[in-house]
Amino acid sequence: MKIKITAAILLSMFFAVSCTDLDEQLYDRVEDGNFGNTTKEVDALVGGAYSSLRGFADGISNNYPTCEYVFFLNEVVSDEATIPTRGTNWYDGGQYQDAQKHTWKADNRMILSAWRYNYTGIAKINAIIYQINKSSLTEQAKTPIFAELKAIRAYYYYNLLDLFGNVPIVTNFEDTELPTNSTRKQVYDFVEKELTDAIPYLNSNVVYSKLTKNVAYSILARLYLNSEAFIGVARWQDCLNMCQKVSGYTLTPDFFANFATENQTSSEIIFAIPYDSKAGTVGNYMNSMSCHYLHKLTVSPTGNYPWSANGMCGQPGLYSSFADTDKRKKCMLEGDQINLATGSVIIMDNGEPLTYTENLTSLTDAKENEGVRLAKYEMKAGENWERDHDFVLIRYSEILMMQAECYVRLGSPDLARPFLQQVTARAGEEMPATIDLAFIDKELLKEFTFEGRRRTDNIRFGTFFLPWWEKGTTEKYRAIFPIPSTVLTTNKNLKQNPGY
């Protein structure tokens, strides 16, 4: 076995000790021998690319997309969620307060986690491509394998395009040169080309949790939907074209079936990260990051439910933006929390009732019970800390909503109606007489609350730059994050994003 320290690996590394002290969990060991010649061996290699989507944790940061820093980052800089400091808890160097106030700096650990998550996944895929390329498989046999791997890699680069903009593009596992920035337009073009080149060789069928044609069309639709925000060129019709290629999916009659423990049976999920605690998957404990320490008593009369950390909650105004008739409102917990063993309201250690309130008195000193809590994914007695529900990345309702938005932006709101009708009817809501962008924005908020995507919508609609709770006007340069300061320290070829 031989360790190669390459450009993509260096982009995800933090030199805490020395460059020869590599954590095996993070950095790929690539065998120089002949491996990847059989279907079983190839499946094992490609499986490693998918497992990288679950992220990792180490002494530097938590890089789990399902819950902590990667998920937190997209949520708490949006108008949707916040992580207030509660007494001495959840201060963590002020990183959550800075995110809420849009005053983050390049040393924010959430920003570092988002960078490392994506580049570690890219490094792993580059290593797998290198491995398969050295095998004895024919070029014809390699082509569809490489297409699938490059499409997964393009998903990571889409994330980097969205989050950081001007990032290095590294595709060669053997490249040991420290890379330089690519422009945001170059990264945009790279993502588009990688996906369009891969599509002819991807699986046409609906295959759960795999990078199929449908998934590639969906990522391209996202790319085109946000094209004006990314590179200043609107591509609404191209987004429509991609959405119309997605097939084989329907909305689940029950909205919350998409977030049940066994959500792999959903007819709506286009792409998800699978989890199974019995198989040893880790990093999926999002519900416990939100609920109060004693919330377990509302799930199980014996408290047979994992401990909770009392962190993330909805911003003031989120809960009340839903009509009481909207079925999706149940994705949040508000009001008195009942002890199943006694039938009475839970009493917190300070003697006050555990009553979740929409209002937050302070970002810097919130009370333990303040803020509505995340409840979109199923919670049930007897769960392990590592949950078994799969983490949803793309749902068919997003495809419907993208088409509706594009038709409104193209000046044909009547054509948006049938797409929106499917989404609002399931929620139990009526359609307005006039469909405009303001309505679309509100529906996106309600349909995708706590799914880790609100920041991108805020930027596209321009609301990201306007004041909201505990936040003033945001400078335009903050539409992308700074390159982490530790990355700049280890790679002098990189330049910081403008404004930082």
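At what angle do helix α14 and helix α15 pack, and how far apart are their axes? In this predicted model, α14 (residues 437–447) and α15 (residues 454–461) pack at an angle of about 170°, with their axes 10 Å apart. That angle makes α14 roughly antiparallel to α15, because angles over 145 degrees count as roughly antiparallel.

Let's look at the residues that meet here. On the α14 side they are L437, I440, D441, L444 and L445, and on the α15 side they are R454, D457, R460 and F461. Sorted by class, the contact has five nonpolar and four charged residues, with no polar ones.

**The surroundings of α14**

Eight of the 11 residues of α14 are buried, so this helix is largely enclosed by the rest of the structure. The buried set is F439, I440, D441, E443, L444, L445, K446 and E447. I440 and D441 are thus buried and also take part in the contact with α15. The elements that the buried residues of α14 pack against are collected here, with the residue range of each.

| Element | Residues |
|---|---|
| β12 | 391–395 |
| α12 | 396–409 |
| α13 | 413–427 |
| α15 | 454–461 |

**The nonpolar cores**

I440 turns up again in the interior of the chain. The largest nonpolar core has 137 residues, and I440 is listed with F72, L149, F164, L211, L223 and L420 as having the most contacts inside it. Helix α6, spanning residues 139–163, gives the most to this core, with 14 residues.

F72 is a good place to stop and look around. Leaving aside residues up to four places away in sequence, F72 touches C67, I83, W90, Y96, M110, M289 and M312. There is also a second, separate core of eight residues, with L297, L333, L354 and Y356 among them.

**The chain as a whole**

Stepping back, the secondary structure of the chain comes to 16 helices and 12 strands. Of its 500 residues, 60% are buried. Along the principal axes, the C-alpha atoms fill a box of roughly 65 × 55 × 45 Å. The chain has a radius of gyration of 22 Å, which agrees with the value near 23 Å for a compact globule of 500 residues.

How much of the contact network joins residues at least 24 apart in sequence? Among contacts between residues at least 6 apart in sequence, the share is 69%.

Technical notes:
Residues are numbered from 1 along each chain as its sequence is written. This is a predicted model: local features need pLDDT of at least 70, side-chain atom pairs count only at pLDDT 80 or more; totals for chains, interfaces and linings use all residues. Side-chain values use heavy atoms; hydrogens and water are left out. A nonpolar core is a set of buried Ala, Val, Leu, Ile, Met, Phe, Trp, Tyr and Cys residues joined through side-chain atoms within 4.5 Å. Buried means under 20% relative accessible area, exposed over 50%, partly exposed in between (1.4 Å probe, protein chains only). Helices (H or I, at least four residues) and strands (E, at least two) are DSSP runs, numbered from the N terminus. Contact means heavy atoms within 4.5 Å. Axes are lines fitted to C-alpha atoms, for helices over the stretch in contact, and angles run from 0 to 180 degrees between N-to-C directions. Angles under 35 degrees count as roughly parallel, over 145 as roughly antiparallel, 65 to 115 as roughly perpendicular and the rest as oblique. Ala, Val, Leu, Ile, Met, Phe, Trp, Tyr, Cys and Pro count as nonpolar, Asp, Glu, Lys and Arg as charged, and the others, Gly among them, as polar. The radius of gyration is taken over C-alpha atoms; the globule rule is 2.2 Å times the number of residues to the power 0.38.
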